[in-house]
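Biologist: Could you walk me through this structure and explain the terms as we go? I'm new to this, so keep it simple.

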Amino acid sequence: MLIAADKFKGSLTAVEVAEHVTTGLRRALPALPVESLPVADGGDGTVDAAVAVGFQRRATTVTGPLGEPVTAAWALREDVAVVEMAEASGLRHVTPDSRSALASSTYGTGELLRAVLDAGARTVVLGVGGSASTDGGAGMLAALGAVFTGADGRPVGPGGAALAGLERADLSGLDPRVAGTAFVLASDVDNPLRGPKGAPAVYGPQKGASPQDVATLDAALGRYAEVLGAALGSRAAEAAEAPGAGAAGGIGYGALVGLDAVFRPGVEVLFELLGFAEALERADFVITGEGSLDAQTLHGKAPAGVAQAARARGVDVVAVCGRLALPPEALGGAGIRRAYALTELEPDPARCMAEAGALLERQAERLARDFLAP
């Protein structure tokens with residue numbers, strides 16, 4: 001039995017999900033062999049998943065999205081580092097409103113990257129998602145030594161809106177270690193930087209951006225790309241349209257242009273780091289899941305990746321979740337035979353989240369009796 005589930009956001013980490021599922025399974029089948037492999041897709045929980053398979057947890061105090069100090073966790077194993085940009089520049093650190101949508105910066109993520117370089121990392125997996133900012137990664141690059149100035153020759157202010165006044169970009173002062181480091185941009189988002197499917201339009205509203213703010217940010221990112229194009233040539237313009245450029249408020253664009261990062265689906269990258277393929281080889285049955293199984297799950301989220309890989313090997317997959325918003329045919333199409341939702345036992349959302357561990361154990365026991373009992 002392999003438990004390869006993501007976190008239940010707001011209630012249980014992926015490690016806790018595996019622990020509660022194991023407890024429930026063994027209530028029904030005390031001798032059941034169980035292996036757990038917490039998984040993630042590059043967003044929240046990525047560092048925790050890496051630590052669960054042997055990476056060392058580190059922490060660094062960096063600049064938060066609006067300038068306040070925050071403590072950001074990251075993970076290191078030998079010369080490979082896993083960085084979760086939301087730890088430094090995430091929506092969790094702000095109250096979503098117009099001010100934060102326009103002014104939040106990724107400067108702290110750049111400081112986090114400096115810390116991993118200081119620790120000797122030469123391969124860096126940058127997991128992006130849950131960003132508070134829409135600054136195109138300008139703050140991140142500034143923390144690494146890039147200089148972005150306005151007409152008066154002074155550095156432009158933090159945040160995406162300030163990029164409207166950008167006149168010059170100078171990346172010659174970028175930390176020289178960047179050139180000798182392999183950066184992997186891990187994301188489940190393949191949006192371009194701008195336009196109807198770009199970072200401001202699609203993700204700005206969840207950060208508190210009004211329609212006018214979205215227009216302001218989109219225009220500012222256009223100016224940012226134009227100035228970077230003047231400094232770096234055609235590759236900067238091409239990168240703005242590349243898949244992943246719009247990830248996490250456009251930090252994907254900054255990583256592609258400034259760090260020469262390679263964009264890869266987060267699930268794919270994390271599965272390699274976590275040794276998922278090897279664990280799957282040992283499995284006869286797989287349990288996956290996340291807090292909400294919904295339409296987004298089918299587009300690059302960890303449970304869909306688990307189910308796809310397991311189905312390719314002919315291994316049965318069932319899921320656990322807090323909330324189920326997919327019909328049976330969609331689950332079946334994804335390779336999931338059945339899903340056990342906590343809301344089946346407790347329909348009140350607040351109580352369901354508060355009692356998630358106990359409810360999950362009950363559903364896991366039920367799952368074992370349905371699928372595994374002789």
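Biologist: Which strands does helix α16 lie across?

Modeller: Helix α16 (residues 356–371) lies across β11, β12 and β13, at about 150° to β13. Axes here are lines fitted to C-alpha atoms, for helices over the stretch in contact (heavy atoms within 4.5 Å), and angles run from 0 to 180 degrees between N-to-C directions. By the way, this is a predicted model: local features need pLDDT of at least 70, side-chain atom pairs count only at pLDDT 80 or more, and totals for chains, interfaces and linings use all residues. Residues are numbered from 1 along each chain as its sequence is written, and side-chain values use heavy atoms, with hydrogens and water left out.

Biologist: What makes β2 an edge strand?

Modeller: β2 (35–36) pairs on one side only, and β13 (339–341) does too. The open sheet runs β2-β1-β11-β12-β13, with parallel pairing. Helices (H or I, at least four residues) and strands (E, at least two) are DSSP runs, numbered from the N terminus.

Biologist: How do you know that β1 and β2 pair?

Modeller: Two strands pair if DSSP finds at least two bridges between them. Strand β1 (residues 2–3) and β2 have two bridges, so they count as paired. Within that pair, I3 stands opposite S36 in β2.

Biologist: Why is α10 called mostly covered?

Modeller: Buried means under 20% relative accessible area, exposed over 50%, and partly exposed in between (1.4 Å probe, protein chains only). In α10, twelve of its twelve residues are buried, so "mostly covered" fits. Among them are I251, Y253 and L256.

Biologist: What makes a set of residues a nonpolar core?

Modeller: They must be buried Ala, Val, Leu, Ile, Met, Phe, Trp, Tyr or Cys residues joined through side-chain atoms within 4.5 Å. The largest one here has 54 residues, and those with the most contacts inside it include F148, Y224 and Y253. Helix α10 (residues 247–258) gives the largest share of this core, seven residues. Apart from it lies another core, of 41 residues, A40 and A310 among them.

Biologist: Why is C352 not in a disulfide with C321?

Modeller: A disulfide is a pair of cysteine sulfur atoms within 2.5 Å. The sulfur of C352 is 9.2 Å from the closest cysteine sulfur, in C321, so that is too far for a bond. The structure holds zero disulfides.

Biologist: How do you know that C352 is buried?

Modeller: Its relative accessibility is 6%, so C352 counts as buried. C321 has a relative accessible area of 0%, so C321 is buried as well.
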